[in-house]
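The following exercises introduce strand pairing and sheet arrangement. Please study the sequence and the structure before attempting each task.

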Amino acid sequence: MSTAGFNSQNGAGTGQPYSNGPSQNPVGLQQLPGAGYGSGHQSPFNLMQAKAPSPSVPGHYSPGPFQPLPPGSPYHLSPSPTAYPAPQGQPLLTAPLIGRPPSQTPPHSASSSPGLRLIPAQPTPPPPPAVSSSSYHQNPLQTAAPAWHYNTSQPTMRSPAPMILPPHGPVANNVNPAASLAGQSLPPPPLSSAAYNTSPPSPHLSQTQSQPQGLGMPPTSLHGYGQPGSAPPPMNPMAPHTYQPIRPAYGPPPTGPPPPMRPTPPPTGPPAASGTPPPTKADAQCGDSVNSTVSPTEPDCQEGDIECPGAVAGNGPQATNSYNHVDSKMAGLAQPGPPGRHLGHYPSLPPGYQNTSGPPAPSPMHPAMQAATQPYTQAPQAYQQMSGGPGMAQLSPSLASMSLQSGTPEALRVVNLLQERNLLPPTPISAPTPCLTQDLQRINCSPEVYRCTLTSIPQTQSLLNKAKLPLGLLLHPFKDLSQLPVVTSSTIVRCRSCRTYINPFVSFLDQRRWKCNLCYRVNDVPEEFMYNPVSRSYGEPHKRPEVQNATIEFIAPSEYMLRPPQPAVYLFVLDVSHNAVEKGYLNVFCQSLLDNINALPGDSRTKVGFITFDSTVHFYNLQEGLSQPQMLIVSDIEDIFLPTPDSLLVNLNECKELVQDLLKSLPSLFQKTMETQSALGAALQAAFKLLSPTGGRMSVFQTQLPNLGVGALQSREDPNQRASAKEIQHLSPATDFYKKLALDCSGQQVAVDLFLLSSQYCDLASLGCISRYSAGNVYYYPSYHHQHSPAQVECFQKDLKRYLTRKIGFEAVMRIRCTKGLSIHTFHGNFFVRSTDLLSLPNVNPDAGFAVQMSIDENLVDTQVVSFQAALLYTSSKGERRIRVHTLCLPVVNSLTDIFAGADVQAISGLLACMAVDRSVTASLGDARDAMINAAIDSLASYRQFALTIQQPGLLAPACLRLFPLYILALLKQKAFRLGTSTRLDDRVFAMCQLKYQPLAYAMPMIHPSLYRLDDLTDEGALNVNERTIPQPRVLQLSVEKLSRDGAFLMDAGTVMYLWIGRNCNPIFLTQVLGVPSYADVLDNLYVLPEIDSAESQRTRALIGWLRDQRPFYPSLHVIKDESQLKASLLQHMIEDRTDSALSYYEFLLHLQQKITK
């Protein structure tokens, strides 16, 4: 079993409390009669069939350090709800009812049977010594440093081929439909040998491999285009309504005048409300199979698709549909759209429709995130296109050249990095705007949600290789959005070949046909799609909301679910050992949950449960009818079982008083415990058993290294090696127990979130796997103590409130599709890859980010634009099955200069950080550092060799990449990758986790902090947000020379803020902001600014509060003086300065120049 914890193939990922689902369109997806969630035979929600029958074994994992994914999902579910059978006849110990007066002593067993509570402590063996390696300083005697080869032949993940529904008939949920197709499965081909593959390759389907085709389909590739070689004959009789191999291909779009049309008169009166979808069909199975056969009576749907085979455009019932322009809070009445054209004329690019909410208000966001959205309008304004204008296939050969024909653009301005020292712009950097036509750019996807490292896609892989820049996407798919168009329809229009959702970048050939922008297949427009719910007009499908918004959400019909949508289920697993009680976190947790219990996302079906553990595992019976909660203790941690399975997860609304009583009594219940051991593994196994029948969210709170029972760990950190300038050891897991359990959880739609509150080593590299592979999150508070670290307590309180009240999606899957000729080969984030390109996300939250690496498999010579579409299918906390779709369009260029002009330096740095985390675990930290340095050397050398027309001395870079060396140096000095500076192992691993799953907007301050001067704040250029004035100070370079003793400076490092007070700081600032008369009176451990009624205090607190509001986590604030101990932490973020173990920025530039020019 691999111990590579940061396996990029399978894991390392603001706003007000959110309630999923628009109030205007409630969809009553009621649970089927008899389909209870507590039944043992109820199988978990599994969207995928297997390509080949695999044994139904929970421990079916690929061995070896590089793990090729199995052809199918390892979760072929059996009737048993869990992989851990409960022992027969196990004695059960019950404690007396927990009364309102708390018990003075910890509960214990009075029996001598296997339920004894006390277990002798076991000594911890001494940690092994660490092995050292070298720093990143160049050694001429060493071999060539490794680098990422962006042109390596990676296993590809293409757009899936046509998939279909299984035959009609009752099929049990726990039956694998792929079992009957064993003879049709494909063996996984050999993996390619990538020289510097930062992640384990994935199995893929070879381009030349014969594949089973859908019914009546000609030999096609996964993208739907012709392939060499022959394909096997159809496996089912050919249906008369399907596409015939002998049918002539669709011709070009009509060039003459449009034929006269007589449209059906539009319906009178308002559209009928969408009714309740029909109950779940028993045959709506999904599987891992990439190709399948077609039943003669079934429409052409795709199995194994993210969206479980749904209604195909033009087939099925013609139901009315409705449209909500703004989800939930922002919903409003639909207004008539812009005046329509002559009915018979259809432009190839659809026009915008009238915005129902008016122009957006100024965004109350941090400039770094606000600037990234400048080219994007949440709701595109209406525009007119000339009749008979060019279609998507007739655009200019190089859209990016539009910006180059009128002189050199700013992005290509040549910058000598050795001469221009003040390269940092005064305001945060915005995402580059793709060189598209104004109409296309207006409706393009927001860079807040979708960013590409290159906003101009090279025509060929060889051109990409020459640029030496990585090609990848960075996504924030479930981000909180103030405006989200929501569509309710019984027919979701998708391409019949590649299953792409209709989007603003498709082409309408005429009133009844549209061409897919990913595989170029021509599809029919269904009758229902002819009606526009916004304008309430008929015959203008190009004005539908789906064709006017690059980000849209569908309320899915019943075909997109295999069982009734699961309820919101929350299980809390709490460490109550002596160490946990000493930390004092239990009081904060119980009080926070009591305060926010009514704000938990959910509906009338919401369930909650609690498990506590030390050396034994404690369950709590909260069944309705009890006068008090009842504790049940199980001490047999080697063979854990559920004492009363039916009463441990209870309906929150029905048992709220018992839940509140338990939360009030828990802190005092264990106040005098002397248990020092931690049986975390057994508690996780018990929680998995409890959640398996339904799925849900498991929240684990841990305060020490697990040292008892399954999953027990030993300390691997040598404190003497923390400041080593050599290699760092133990970045990978010590055991695969937590990864295996996470994969079991993922198969049962259970996500695990880990809260680690410990000042001692806890082996986060091992414990983090439980969250990484189950699509959970890790929260880490390294110095938490309820008395000694009030700043950490404040962070924990704020983070917990956000965690409990933010929106959540259950039983989710996500697939990313791209235009024919492109392919995806590596994923980054917290998830499990269920099939070649389907990400399993048992939970999805608005704070999770993902990244993918891409390659160009086929020349894009005849392609002017390419598109990328991410589709996220999830169940909302209200029980609605929803699909959120994001589509990004980018131009294709054939010039190296155009490629450099469209480079997104922040996206490139974020993707390289993800790749470096993988390299640190699979190879070594030194290799990862060298690869990052070589990435900068290679790209600047390529620019100098191929893009510069006039050779000049110095270290030259285009203006768009002028900060690339600075960001690389910042990564080398970041906590995840630095050497020679004292860094605790858990701190380093947590920093790596954040780089892997944080969205780019949140990760950039962690990579390159922002420095502001606060003692001279003014209202000049300030923002007005919610009647608050937010000053916008200039961003300063990260160097000590920018600090002055007569000022006050704020450093925003993402998860922490430092307010440094100079020794000679202006007394007015001290008095008006800090409330002290002099510098000597400033407290050393000040973490909260006093509320003083002065302009200076209001400006300072407004800026800090506004910065905090722009991220989902709560950064702590530390006010430090010149002689404070925390000053060393501040200086470590001064990236441009030299340290004992790292080069200064100028020295690093000289090093790069030496390597480029030699």
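Two strands count as paired if DSSP finds at least two bridges between them. Strands (E, at least two residues) and helices (H or I, at least four residues) are DSSP runs, numbered from the N terminus. The model is a predicted one, in which local features need pLDDT of at least 70, side-chain atom pairs count only at pLDDT 80 or more, and totals for chains, interfaces and linings use all residues. Residues are numbered from 1 along each chain as its sequence is written, and side-chain values use heavy atoms, with hydrogens and water left out.

**Exercise 1.** Determine which strands pair with strand 15, and in which sense.

Solution.
1. Begin with strand 14 (residues 569–575), which pairs with strand 15 in the parallel sense over seven bridges. Within this pairing, Val573 has Ile611 of strand 15 as its bridge partner.
2. Turn next to strand 18 (residues 650–651), which runs antiparallel to strand 15 and is joined to it by two bridges. Here Val608 is partnered with Val650 of strand 18.
3. Consider strand 16 (residues 617–621), whose pairing with strand 15 is antiparallel and comprises three bridges. Phe613 stands opposite Val617 of strand 16. Three residues separate strand 15 from strand 16 in the hairpin that they form.

**Exercise 2.** Explain why strand 15 is described as largely enclosed.

Solution.
1. Apply the cut-offs: a residue is buried under 20% relative accessible area, exposed over 50%, and partly exposed in between (1.4 Å probe, protein chains only).
2. Strand 15 covers residues 607–613, and six of its seven residues are buried; it is therefore largely enclosed by the rest of the structure.

**Exercise 3.** Describe the open sheet of four strands and the helix that packs on it.

Solution.
1. Establish the strand order, which is 4-6-26-23, with antiparallel pairing.
2. Identify the edges: strand 4 (450–452) and strand 23 (822–828) each pair on one side only.
3. State the turn between neighbouring strands, which is 25° on average, direction ignored. Axes are lines fitted to C-alpha atoms, for helices over the stretch in contact, and angles run from 0 to 180 degrees between N-to-C directions.
4. Inspect one pairing: strand 23 and strand 26 (residues 850–856) are antiparallel, with six bridges. Leu822 stands opposite Ile856 in strand 26.
5. Add helix 13 (residues 905–922), which packs on the sheet and touches strand 4, strand 6 (472–475), strand 23 and strand 26; contact means heavy atoms within 4.5 Å. The direction of helix 13 makes about 95° with that of strand 26.
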